[in-house]
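Colleague: Could you take a close look at the pocket region for me, and at what surrounds it? I would like to know how far to trust the model before I plan around it.

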Amino acid sequence: MDYLCFRALCCKGPPPPRPEYDLVCIGLSGSGKTSLLSQLCSESAENIVSTTGFSIKAVPFQNAILNVKELGGADNIRKYWSRYYQGSQGVIFVLDSASSEDDLETARNELHSALQHPQLCTLPFLILANHQDKPAARSVQEIKKYFELEPLARGKRWILKPCSLDDMEAVKDSFSLLINLLEERDFEPSRM
């Protein structure tokens, strides 16, 4: 018996595998989805082109790997988003906080649709108010009020954070909060 205790304390094997989570990343074209994900994967920021269909990136973190399915945000693609929701364990919604009123209204409608979609409505959401480095950027409080997040998302697990490519540490911290929500979800009795 003592041998087993000693072995458990001193002879550790390889570290346990990191959990993997499948996420969907949505937002209008130009919101910065591709740039943020590329930076998180330590890819070059040069020659980034808007996603026209979808792309999948494995985003490594110390305590988890996020398999992110990024869906293009163009008008003609958004109507197909729901076809890619199945199997998602969480949602990343990126919005351009410095966009025009019209684009902000469209983003709001798309977020509302996602929050109410049967395949997403119970999942944790990370909402990133991107382009905070631009002079026209709206604050997180303005976004929360305009998007009516308090009443709409009541009872849901969501995080709204400001971000920009200039502060990738803040972006990583936001993703860490999402990972915490995903881990909490893993331990819910209803999932067992």
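Modeller: Let's begin with confidence, as this is a predicted model. Among the elements of the protein chain, strand S4 (residues 90-96) has the highest mean pLDDT, 98, while helix H1 (residues 2-10) has the lowest, 49. The weak stretch is residues 1-7, where the pLDDT is below 50. Beyond near neighbours in sequence, residues 1-7 make 2 contacts in the model. For the protein chain as a whole, the pLDDT averages 88, and 88% of the residues score at least 70.

Now the overall layout. The protein chain has 7 helices and 6 strands, and from the N terminus on they run α-β-α-β-β-α-β-α-β-α-α-β-α. Of its 192 residues, 44% are buried. If you take contacts between residues at least 6 apart in sequence, 74% of them join residues at least 24 apart.

With that in mind, here is your pocket. The largest pocket has a volume of about 180 Å³. Its lining is made by 18 residues, and those nearest its centre are Gly30, Gly32, Lys33, Thr34 and Ser50. Which element gives the largest share of that lining? It is helix H2 (residues 33-40), with 4 residues.

How enclosed is H2? Of its 8 residues, 6 are buried, so H2 is largely enclosed by the rest of the structure. The buried ones are Lys33, Thr34, Leu36, Leu37, Ser38 and Leu40. Two of these names, Lys33 and Thr34, also appear among the residues nearest the pocket centre. There is a general point to keep in mind when you look at a helix like this: an α-helix has 3.6 residues a turn, so residues three or four places apart point the same way.

Just before H2 comes Ser31, in the loop between strand S1 (20-26) and H2. Is Ser31 buried or exposed? With a relative accessible area of 1%, Ser31 counts as buried, because the cut-off is under 20%. Leaving out residues up to four places away in sequence, Ser31 touches Val94, Leu95, Asp96, Asn130 and His131. The C-alpha atoms of Ser31 and Phe93 are 9.4 Å apart in space, although the two residues are 62 apart in sequence. Phe93 falls within strand S4 (residues 90-96), the element with the highest mean pLDDT.

After H2 comes Ser42, with a positive phi near 60°. That is a positive value in a residue other than glycine. Ser42 lies in the loop between H2 and S2, and at 68% relative accessibility Ser42 counts as exposed. Glu148 also has a positive phi, near 55°, again in a residue other than glycine. Glu148 sits in the loop between helix H5 (140-146) and helix H6 (149-152). With a relative accessible area of 36%, Glu148 is partly exposed.

Finally, a few words on the aromatic rings, since you will see them as you turn the model. When ring centres within 6.5 Å are taken as a pair, the count comes to 3 aromatic pairs. One of them is Phe61 with Phe175, stacked at 5.8 Å centre to centre and 15° between the planes. This pair links distant parts of the chain: Phe61 is in the loop between strand S2 (54-60) and strand S3 (65-71), Phe175 is in helix H7 (residues 168-186), and they are 114 residues apart. Phe61 is buried at 10% relative accessibility, and Phe175 is buried at 1%.

Another pair is Tyr146 with Phe147. Their ring centres are 5.8 Å apart and their planes are at 65°, so this pair is edge-to-face. Tyr146 is partly exposed at 24% relative accessibility, whereas Phe147 is buried at 0%. The ring of Tyr146 has a further partner: the charged end of Arg108 sits over it, 5.5 Å from the ring centre.

Methods
Residues numbered from 1 in each chain as written. Predicted model: local features only at pLDDT ≥ 70, side-chain atom pairs only at ≥ 80, totals over all residues. Heavy atoms only, no water. Phe/Tyr/Trp six-rings, centres within 6.5 Å; stacked < 30°, edge-to-face > 60°. Helix = DSSP H or I, 4+ residues; strand = E, 2+ residues; numbered from the N terminus. Buried < 20%, exposed > 50% of the residue type's maximum accessible area, 1.4 Å probe, protein only. Lys NZ or Arg CZ within 6 Å of the ring centre and 35° of its normal. pLDDT = per-residue confidence, 0-100. Contact = heavy atoms within 4.5 Å. 1 Å grid on protein atoms, 1.4 Å probe; cavity = no way out; pocket = protein on both sides within 12 Å on 5 of 7 lines; lining within 4 Å. Points joined across faces, edges and corners; volume = space filled by probe spheres on them.
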